[in-house]
Amino acid sequence: MFLKNSFIDRLQIGKTTKIYKKLGVNTINKISQNGEIINNLLKKKFPQHRILTKDKKSISAIINQTYVFEKFHLTLFLFFFLITVYSIINKYWLWALAILLTNIAYNVYPNFLQQYIRLKLSLFNKRRI
């Protein structure tokens, strides 16, 4: 994509998981499509199933995936932000509010989730070295 990972790294809101937990991102991690609840259900049905193995290659692949997802949601955020601005300029207050709230839910929080996952995996890698 057109954004470099170093730019995305500058958007990270915290160096530890503390702020993400205060924002409830760890809860989102439980209920997201690749979250804890789904993974636990998959493990019950398929005990050998693993999203992540603890080798460096697997962790790197997941970290790279978080960058792709974050860039995607950032692009959508900017698009819907511009639509929100348009709605405000044209005094479509209800539309502006609805788009703003859904933009936060569907783009801001998923970006925070990608940052949280990347941070957790990076911290895990540092502890292993």
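In helix α5, the buried residues (buried means under 20% relative accessible area, exposed over 50%, partly exposed in between, with a 1.4 Å probe and protein chains only) are S58, I59, I62, I63, T66, Y67, E70, K71, H73, L74, T84 and S87. As a reminder, an α-helix has 3.6 residues a turn, so residues three or four places apart point the same way.

Before going further, please note that this is a predicted model, in which local features need pLDDT of at least 70, side-chain atom pairs count only at pLDDT 80 or more, and totals for chains, interfaces and linings use all residues. Residues are numbered from 1 along each chain as its sequence is written, and side-chain values use heavy atoms, with hydrogens and water left out.

**The chain as a whole**

The chain has six helices and zero strands, where helices (H or I, at least four residues) and strands (E, at least two) are DSSP runs numbered from the N terminus. Its pattern along the sequence is therefore written α-α-α-α-α-α. The C-alpha trace spans about 55 × 35 × 30 Å along its principal axes. Of the 129 residues, 30% are buried. Among contacts (heavy atoms within 4.5 Å) with a separation of 6 or more, 70% join residues 24 or more positions apart. The accessible surface, from the Shrake-Rupley method with a 1.4 Å probe and, for residues, only the protein chains shown as cover, is about 9,300 Å², and carbon and sulfur atoms hold 66% of that surface.

**Helix α5 and what follows**

Helix α5 covers residues 56–89, 34 residues in total. From first C-alpha to last, α5 reaches 49 Å, close to the expected 50 Å, a span defined as 1.5 Å times one less than the number of residues. Just after α5 comes K91, which sits in the loop between α5 and α6. K91 has a positive phi near 60° although this residue is not glycine.

**Three residues to look at**

| Residue | Place | Relative accessibility |
|---|---|---|
| H73 | helix α5 | 17%, buried |
| K91 | loop between α5 and α6 | 59%, exposed |
| Q115 | helix α6 (residues 93–128) | 2%, buried |

Which residues does H73 touch, not counting residues up to four places away in sequence? They are Y106, N107, P110 and N111. H73 and S122 are 49 residues apart in sequence, and their C-alpha atoms are 21 Å apart in space.

Now turn to Q115 in helix α6. Why does Q115 count as buried? Q115 counts as buried because its relative accessibility is 2%. Leaving aside neighbours within four places in sequence, Q115 is in contact with L11, Q12, I13, Y20 and E70. With Y20 there is also a polar contact of 2.7 Å, side chain to side chain; a polar contact is a pair of N or O atoms within 3.5 Å, and within protein one must be able to donate a hydrogen and the other to accept it, while residues adjacent in sequence count only if both atoms are side-chain atoms. E70, one of the contacts of Q115, is also among the buried residues of α5.
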